[in-house]
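Visitor: I have a model open on my screen and a pile of "how do you know?" questions. Could you walk me through it?
Guide: Happy to. Let's pull it up and start.

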Amino acid sequence: MRPHPTDVREKRNTAIKFGFRKRTDAYHYPFSLRNYCDIEFHNVTGESTTAYIGLKAALEFVQKPTIFFICYDVGYNKILQIFVRHVVCSLAVREGEGLTVYMFDMRNFQDISLHFQADMEKTLSEYAKVPVKIVNAACLYNEKCIYLQRFKGDHEMGWCIGWALLFLDYLTTNPDIAEKTPEGKKKEFAKLYTQLDKHLAGPRSNSFIEAYYIRLLDIAV
């Protein structure tokens, strides 16, 4: 049986996440030692947002492009009979008078709620002390957002853990991305999503991210 991300101890997933930092010092990595998520929005349950103190400081003071993981509530899944949360690799870059946070997600935020993106921007702006604009990389130059998880089984959850690592892998492999203009970044991210979508749509299978995650487990020390 293939290992599933939710069956792997969080400590191991976090260790893989930390391992990518060794590739390049082009970014700042305010990763929490105790949690796979660096900031947690409890947008459905209504609990207070919790954020790693190092991330709060980074958003306010660090000038380097900053990578961190955002988690938020998706809601109760009737098929799984469980409350589902989601994790997203994110990149914060100082652009203009504020911060742009590129979230490598796989759904339209309006599917969560109409005001969800604005709520996240407000919270992040409070930490950064400057205006924050969120760009959903899944929705660039497309009529519909590219839903990367559409071929996973109805009885599965947790592959977002693997997707977050894949986007972290991509960013640390391509550190020059952060130096591009805002439009240049968007074009690169849109091209990436188009390529990923082809990997999934060809076989109409979730096997691409499954194989990627299993390979990470194999090579991780």
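Visitor: Which residues line the largest cavity?
Guide: This is a predicted model, and in it the lining consists of Ala-58, Leu-59, Val-62, Gln-63, Lys-64, Pro-65, Thr-66, Ala-92, Val-93, Arg-94 and Leu-99. The elements giving two or more residues to that lining are helix H2 (53-61) and strand E4 (82-95). E4 supplies the largest share, 3 residues.

Visitor: What makes a residue count as part of the lining?
Guide: A lining residue has an atom within 4 Å of a cavity point. By chemical class, the lining divides into 7 nonpolar, 2 polar and 2 charged residues.

Visitor: How many cavities does the search find, and what volume does the largest have?
Guide: The search of the whole structure turns up 1 cavity of 30 Å³ or more. The volume of the largest is about 50 Å³.

Visitor: Back to E4. Why is this strand called largely enclosed?
Guide: Buried means under 20% relative accessible area. In E4, 10 of the 14 residues are buried, so the strand is largely enclosed by the rest of the structure.

Visitor: How do you know that E4 pairs with E3?
Guide: Two strands pair if there are at least two bridges between them. E3 and E4 have 11 bridges, in the antiparallel sense, so by that cut-off they pair. One facing couple involves Thr-66, which stands opposite Ala-92 in E4; Thr-66 and Ala-92 are also among the cavity-lining residues.

Visitor: And on to E5: which way does E4 pair with that strand?
Guide: Antiparallel, over 6 bridges. Here Arg-94 stands opposite Leu-99 in E5, and Arg-94 and Leu-99 also appear in the cavity lining.

Visitor: What sits between the strands in those hairpins?
Guide: The hairpin of E3 and E4 has 4 residues between the strands, and Gln-81 in the turn has a positive phi of about 55°. The hairpin of E4 and E5 has 2 residues between its strands, with Gly-96 at a positive phi near 65°.

Visitor: What makes E2 and E6 the edge strands?
Guide: The open sheet has 6 strands in the order E2-E1-E3-E4-E5-E6, with mixed pairing. Strand E2 (50-51) and strand E6 (132-136) each pair on one side only. E6 runs parallel to strand E5 (residues 98-103), joined by 5 bridges, and Val-135 in E6 is the bridge partner of Tyr-102.

Visitor: Which helices pack on the sheet?
Guide: Helix H3 (residues 116-128) does, touching strand E1 (39-41), E2, strand E3 (66-77), E5 and E6, with its direction at about 135° to that of E6. Helix H4 (residues 159-173) packs there too, touching E3 and E4, and its direction makes about 15° with that of E4.

Visitor: Why is Thr-14 called buried?
Guide: The cut-off is under 20%, and Thr-14 has a relative accessible area of 7%, so it is buried. Thr-14 lies in helix H1 (residues 10-19) and, leaving aside neighbours within four places in sequence, is in contact with Ser-32, Asn-35 and Tyr-36.

Visitor: Why do Lys-129 and Arg-204 count as exposed?
Guide: Exposed means over 50%. Lys-129 has 57% relative accessibility, so it qualifies; Arg-204 has 62%, so it does as well. Lys-129 is in the loop between H3 and E6, and Arg-204 is in the loop between helix H5 (182-201) and helix H6 (207-219).

Visitor: What is notable about their phi values?
Guide: Most residues other than glycine have a negative phi. Lys-129 has a positive phi near 65°, and Arg-204 has a positive one of about 50°.

How values were computed: Residues numbered from 1 in each chain as written. Predicted model: local features only at pLDDT ≥ 70, side-chain atom pairs only at ≥ 80, totals over all residues. Heavy atoms only, no water. 1 Å grid on protein atoms, 1.4 Å probe; cavity = no way out; pocket = protein on both sides within 12 Å on 5 of 7 lines; lining within 4 Å. Points joined across faces, edges and corners; volume = space filled by probe spheres on them. Nonpolar A, V, L, I, M, F, W, Y, C, P; charged D, E, K, R; others polar. Contact = heavy atoms within 4.5 Å. Axes fitted to C-alpha atoms, helices over the stretch in contact; angles between N-to-C directions. Buried < 20%, exposed > 50% of the residue type's maximum accessible area, 1.4 Å probe, protein only.
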